Amino acid sequence: MNDRKIRVIAGAVSLGRFSVVALCEHTGLRRSQVDPALNSLNKQGFIKPVDVSAVPATAAHRPAGVYEITSDPRLRQRLVDTLYLLRQ
């Protein structure tokens, strides 16, 4: 697993619920670097897209691409364990 994916996982775990823009700012990565990792995490069930109509608008519009870490405790723990092992 590459450094970018580790940074995306760490950022997602740290933020919990996040827009793609917020995750990019948090990790220092470009969207083109973040999107593949998010797609992989989504397919594995570690994160899920959030209905943007449920996200309060803080500016003129709601952020596109909002995700949150799964609420499944087993998957959350597996994600944290994976991150821990990768950082060793």
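**Entry 1. Helix α3**

I looked up which residues of α3 are buried in this predicted model. I found Gln33, Val34, Ala37, Leu38 and Leu41. Around the axis these residues cover an arc of only 120 degrees, which puts them on the same side of α3. I then turned to the face away from that buried side, and noted Ser32 and Lys43 there as exposed residues.

I next checked the length of α3, which holds the 13 residues 31-43. At 1.5 Å a residue the helix should span 18 Å, and its end C-alpha atoms are 18 Å apart, so the two values agree.

What do the buried residues of α3 pack against? I listed three helices by name, α1 (3-15), α2 (20-27) and α4 (73-87), together with the strands β1 (17-19), β2 (47-49) and β3 (66-69). Just after α3 I noted Gly45, which takes a positive phi of about 85 degrees.

**Entry 2. Helix α2**

I asked the same of α2 and recorded Val20, Leu23, Cys24 and Thr27 as buried. They cover an arc of only 100 degrees around the axis, and therefore lie on the same side of α2. The cover over these buried residues includes α1, β1, α3 and β3. After α2 comes Gly28, and I noted that its phi is positive, near 80 degrees.

**Entry 3. Helix α1**

I checked the span of α1 in turn: its 13 residues should cover 18 Å at 1.5 Å a residue, and the end C-alpha atoms are 18 Å apart, which agrees. The buried residues of α1 are Lys5, Ile6, Val8, Ile9, Ala10, Gly11 and Ala12. I found that they pack against the helices α2, α3 and α4 and the strands β1 and β3.

I then followed Val8 beyond its neighbours within four places in sequence. Its contacts there are Leu23, Thr27, Leu29, Val34, Ala37, Leu38 and Leu41. Among these partners, Leu23 and Thr27 appear in my list of buried residues for α2, and Val34, Ala37, Leu38 and Leu41 in the list for α3.

Is Val13, also in helix α1, buried, partly exposed or exposed? Val13 counts as partly exposed, because its relative accessibility is 33%, and the cut-off for buried is under 20%. Leaving aside neighbours within four places in sequence, Val13 is in contact with Ile69, Leu79 and Val80. I also noted that Val13 and Phe46 are 33 residues apart in sequence and 9.8 Å apart in space, C-alpha to C-alpha.

**Entry 4. The nonpolar core**

I looked for the largest nonpolar core and found that it has 21 residues. Those with the most contacts inside it are Val8, Phe18, Val34, Leu38, Leu41 and Ile47. At least two residues of this core come from each of α1, α2, α3, β3 and α4. α1 gives the most, with five residues. I set beside this a general remark: in soluble globular proteins, nonpolar side chains tend to be buried together.

**Entry 5. The aromatic pair**

How many aromatic pairs does a search of the whole structure find? I recorded one. The rings of Phe18 and Tyr67 have centres 6.2 Å apart and planes at 25 degrees, so I entered the pair as stacked, the cut-off being under 30 degrees. Phe18 lies in strand β1 and Tyr67 in strand β3, so the pair ties together parts that are 49 residues apart in sequence. I found both Phe18 and Tyr67 to be buried.

**Entry 6. Gln77 in helix α4**

I placed Gln77 in helix α4. At 44% relative accessibility Gln77 counts as partly exposed, because that label covers the range between the 20% and 50% cut-offs. Gln77 and Phe46 are 31 residues apart in sequence, and I noted a C-alpha to C-alpha distance of 9.8 Å in space.

**Entry 7. The protein as a whole**

I closed with the overall figures. The secondary structure comes to four helices and three strands, and from the N terminus on the elements run α-β-α-α-β-β-α. Of the 88 residues, 35% count as buried. Among the contacts with a separation of 6 or more, I noted that 48% join residues 24 or more positions apart. The protein exposes about 5500 Å², and carbon and sulfur atoms supply 51% of that area.

Conventions: Residues are numbered from 1 along each chain as its sequence is written. This is a predicted model: local features need pLDDT of at least 70, side-chain atom pairs count only at pLDDT 80 or more; totals for chains, interfaces and linings use all residues. Side-chain values use heavy atoms; hydrogens and water are left out. The expected span of a helix is 1.5 Å times one less than its number of residues. Buried means under 20% relative accessible area, exposed over 50%, partly exposed in between (1.4 Å probe, protein chains only). The arc is that of the directions from the helix axis to the C-beta atoms. Contact means heavy atoms within 4.5 Å. A nonpolar core is a set of buried Ala, Val, Leu, Ile, Met, Phe, Trp, Tyr and Cys residues joined through side-chain atoms within 4.5 Å. Rings of Phe, Tyr and Trp (its six-membered ring) pair if their centres lie within 6.5 Å; planes under 30 degrees apart count as stacked, over 60 as edge-to-face and the rest as tilted. Accessible areas come from the Shrake-Rupley method with a 1.4 Å probe; for residues, only the protein chains shown count as cover.
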